[in-house]
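Student: I would like a close look at a single part of this model, the surroundings of the bound ligand. Please describe them in one connected account.

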Amino acid sequence: MNRVPLQQKVLSENDRLAASLREGFREHGVLCVNLISSPGSGKTTLLERTLEALPRAARVAVLTGDIQTENDAARLKRFGFPVKQITTGGTCHLDARMIERHLADWNLEDLDILFIENVGNLVCPSSYDLGEAAKIVILSVTEGEDKPLKYPSIFFKSELLILSKVDLLPYVPFDIEAAEQNARRIHPGMEVLRISCAKQDGVEAWLTWLKNRREAFQQANREAVLQ
Ligand SMILES: Nc1nc2c(ncn2[C@@H]2O[C@H](COP(=O)(O)OP(=O)(O)OP(=O)(O)O)[C@@H](O)[C@H]2O)c(=O)[nH]1
Ligand SMILES: [Mg+2]
């Protein structure tokens, strides 16, 4: 059995679909961000704090991935925005086909931002382009400052690192400066935000990052049209 060609075929099919999704997001001005972390680093909690801070009229939606359960979708639906759970049934990452299928009955014209919460995993999601404008990696302070060096791919491909649960810093031996340095050894110039959803620290800075990122996305789209 030769597994390599099959994996290449799956990935190239995913790339083709992701390119088509990216074109749809560009055409409709939807900033799509793909949140990736280990299980339990705080992806859904960050989305909860985000959705509760947004005005009711905000044009945002969430696709949230898990191997099993609709728990995260149930948590996020409370805020009144469109939310769908993607249950992979065992697959350790989302792929572009799953995104395409779950977007089928949503109108992209109604959205400004699409949040994708990937399946909790620091490895597999990094290989699957979902057509997003930006990957965002979340690392909580209970996971160890060496993780960017051990799992470099996702830190290399993400434009923003969120160091989460910083309220726990007094209780865990986590060198936050070293964590940032390790991330920037893998990805020089990487942006970093320190956030505690429990204490509501850094959430404003995250919302500002999102606003600026959406403006940059729109500006890039306008320039592409003029070329
Ligand atoms: N102390 C502290 N705990 C947090 C913070 N953010 C999240 N948590 C807790 O961390 C646990 C996991 O949070 P989730 O938001 O469910 O993590 P997740 O990344 O969505 O998890 P999966 O979807 O299962 O991968 C929960 O018990 C949260 O209450 C934080 O800022 N500080
Ligand atoms: Mg979650």
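Tutor: In this predicted model, a polar backbone atom of G40 lies 3.0 Å from an oxygen atom of ligand 1. Side chains take part in polar contacts too. An N or O atom in the side chain of D72 is 3.0 Å from an oxygen atom of ligand 1, and for K165 the distance from a polar side-chain atom to a ligand oxygen is 2.9 Å. As for the area covered, ligand 1 taken alone exposes 650 Å², of which the protein buries 70%.

Two elements, α2 (43-53) and α3 (71-77), each give two or more residues to the shell around ligand 1. The largest share comes from α2, which supplies three residues. In full, the shell holds 19 residues, and the closest of them are K43, T44, T45, D167 and C197. Sorted by class, eight of the shell residues are polar, seven are charged and four are nonpolar.

The helix α2 deserves a further look in its own right. Buried here means under 20% relative accessible area, with only the protein chains counted as cover. By that criterion, K43 and T44 are buried, and both are also among the residues closest to ligand 1. Further along α2, L46, L47, E48, R49, T50 and L51 are buried as well. Because eight of its 11 residues are buried, α2 is largely enclosed by the rest of the structure. Thus the helix that gives the most to the ligand shell is itself largely enclosed.

Technical notes. Residues are numbered from 1 along each chain as its sequence is written. Chains are lettered from A and ligands numbered from 1 in the order in which they are written. This is a predicted model: local features need pLDDT of at least 70, side-chain atom pairs count only at pLDDT 80 or more; totals for chains, interfaces and linings use all residues. Side-chain values use heavy atoms; hydrogens and water are left out. A residue is near a molecule or strand if one of its heavy atoms lies within 4 Å of it. A polar contact is a pair of N or O atoms within 3.5 Å; within protein, one must be able to donate a hydrogen and the other to accept it, and residues adjacent in sequence count only if both atoms are side-chain atoms. Accessible areas come from the Shrake-Rupley method with a 1.4 Å probe; for residues, only the protein chains shown count as cover. Helices (H or I, at least four residues) and strands (E, at least two) are DSSP runs, numbered from the N terminus. Ala, Val, Leu, Ile, Met, Phe, Trp, Tyr, Cys and Pro count as nonpolar, Asp, Glu, Lys and Arg as charged, and the others, Gly among them, as polar. Buried means under 20% relative accessible area, exposed over 50%, partly exposed in between (1.4 Å probe, protein chains only).
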